[in-house]
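I'm opening a fresh page for this one and jotting down what I look up as I go. Strand pairings come first, then whatever else catches my eye.

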Amino acid sequence: MLVELIYCSRSVRSFDDEDLEYLLLHTRAKNEAMNITGALIYANCQFLQVIEGERADVNRVFQSISHDARHFAVELLSYRDIVGRNFEAWHMAFVGGKGVKKLAFHESEADFNCANLNGSSALGLLMEQSQLTIPELATSAR
Ligand SMILES: Cc1cc2nc3c(=O)[nH]c(=O)nc-3n(C[C@H](O)[C@H](O)[C@H](O)COP(=O)(O)O)c2cc1C
């Protein structure tokens, strides 16, 4: 049974490109092995992530993520059964602060605030941002 989980959190400190590269390298290798797909936005010291996969795998990954000391205030925004994946091309699409500036309803990265999102607006944002990114080119955080 496929599920989709969306959460947001706050990084313990500001993540630079190197921190994000390191996080994504490890995350993508693990997700590929478990057939977990999804997308991650990092902006204004907040993470917003959608994770898709088999229920047991998604639950296990979320357990690890929620205990990860690199972030705190992990808040579940949505958890639901799905019939198909929205991010099947991605073992974790990534959008950083500069990409998020392109959003019509966020004037700058500093305005990005997960507290303003509900489950469906978060999914919309993640889908919109991952479509702005080309899978083949997104092997790094940059
Ligand atoms: C913002 C954030 C997103 C993460 N996303 C994932 C993920 O999608 N998949 C994953 O396996 N680990 C993810 N991690 C890493 C996990 O929290 C954890 O470090 C990892 O699963 C443990 O790997 P290990 O068992 O090899 O030590 C993420 C961590 C952070 C801080």
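**Entry 1: a parallel pair.** I started with S2 and strand S5 (residues 93–95), which pair in the parallel sense over 3 bridges. I looked for the bridge partner of Ala39 in S5 and found Ala93. A note to self before going on: this is a predicted model.

**Entry 2: the other partner of S2.** Next I checked S2 against S3, and here the pairing is antiparallel, over 7 bridges. Gly38 has Ile51 as its bridge partner in S3. The two strands make a hairpin, with 2 residues between them. I also looked at the turn, where Asn44 has a positive phi of about 50°.

**Entry 3: the whole sheet.** In what order do the strands of the sheet come? I read it off as S4-S1-S3-S2-S5, an open sheet of 5 strands with mixed pairing. Strand S4 (71–81) and S5 stand at the edges with a single partner strand each, so one side of each has no neighbour in the sheet. From one strand to the next, the twist averages 15°.

**Entry 4: the S4 edge.** I followed strand S1 (residues 2–11) across to S4 and found the two running antiparallel, joined by 8 bridges. Leu5 stands opposite Tyr79 in S4. Then I asked myself whether S4 is largely enclosed or largely in the open. Of its 11 residues, the number buried is 1, so S4 lies largely in the open.

**Entry 5: back to S2.** I ran the burial check on strand S2 (residues 37–43) too. There, 7 of the 7 residues are buried, so the rest of the structure largely encloses this strand. I recalled that side chains in a regular strand alternate between the two faces of the sheet. In S2, Thr37, Ala39, Ile41 and Ala43 point one way, while Gly38, Leu40 and Tyr42 point the other way. Residues on both sides are buried.

**Entry 6: one residue up close.** I picked Ile41, which sits in strand S2. My cut-off for buried is 20 or more other C-beta atoms within 10 Å. Ile41 has 26 of them within that distance, so it counts as buried. I also looked at Gly96, which is 55 residues away from Ile41 along the chain. Their C-alpha atoms are separated by 5.9 Å.

**Entry 7: a helix.** Helix H4 (residues 119–131) has 13 residues. From its first C-alpha to its last it reaches 18 Å, close to the 18 Å expected at 1.5 Å a residue. Which residues of H4 are buried? I noted down Ala122, Leu123, Leu125, Leu126, Gln129 and Ser130. Looking down the axis of H4, I see these buried residues fall within an arc of 160°, so they line one face of the helix. Turned away from that buried side, I found the exposed residues Ser120, Ser121, Gly124 and Gln131.

**Entry 8: around the ligand.** Last, I went to the ligand, which has 15 residues around it. Thr27, Lys30, Phe47, Ser64 and Asp68 come nearest. I sorted the shell by type and got 7 nonpolar, 5 polar and 3 charged residues. Helix H1 (17–34), strand S3 (46–54) and helix H2 (55–66) each supply at least two residues of the shell. Which element gives the most? I have H1 down for that, with 4 residues.

Conventions. Residues numbered from 1 in each chain as written. Predicted model: local features only at pLDDT ≥ 70, side-chain atom pairs only at ≥ 80, totals over all residues. Near = placed C-beta within 6 Å. Nonpolar A, V, L, I, M, F, W, Y, C, P; charged D, E, K, R; others polar. Expected span 1.5 Å × (residues − 1). Buried ≥ 20, exposed ≤ 12 C-beta atoms within 10 Å, placed from the backbone. Arc of directions from axis to C-beta. Pairing = 2+ DSSP bridges. Axes fitted to C-alpha atoms, helices over the stretch in contact; angles between N-to-C directions.
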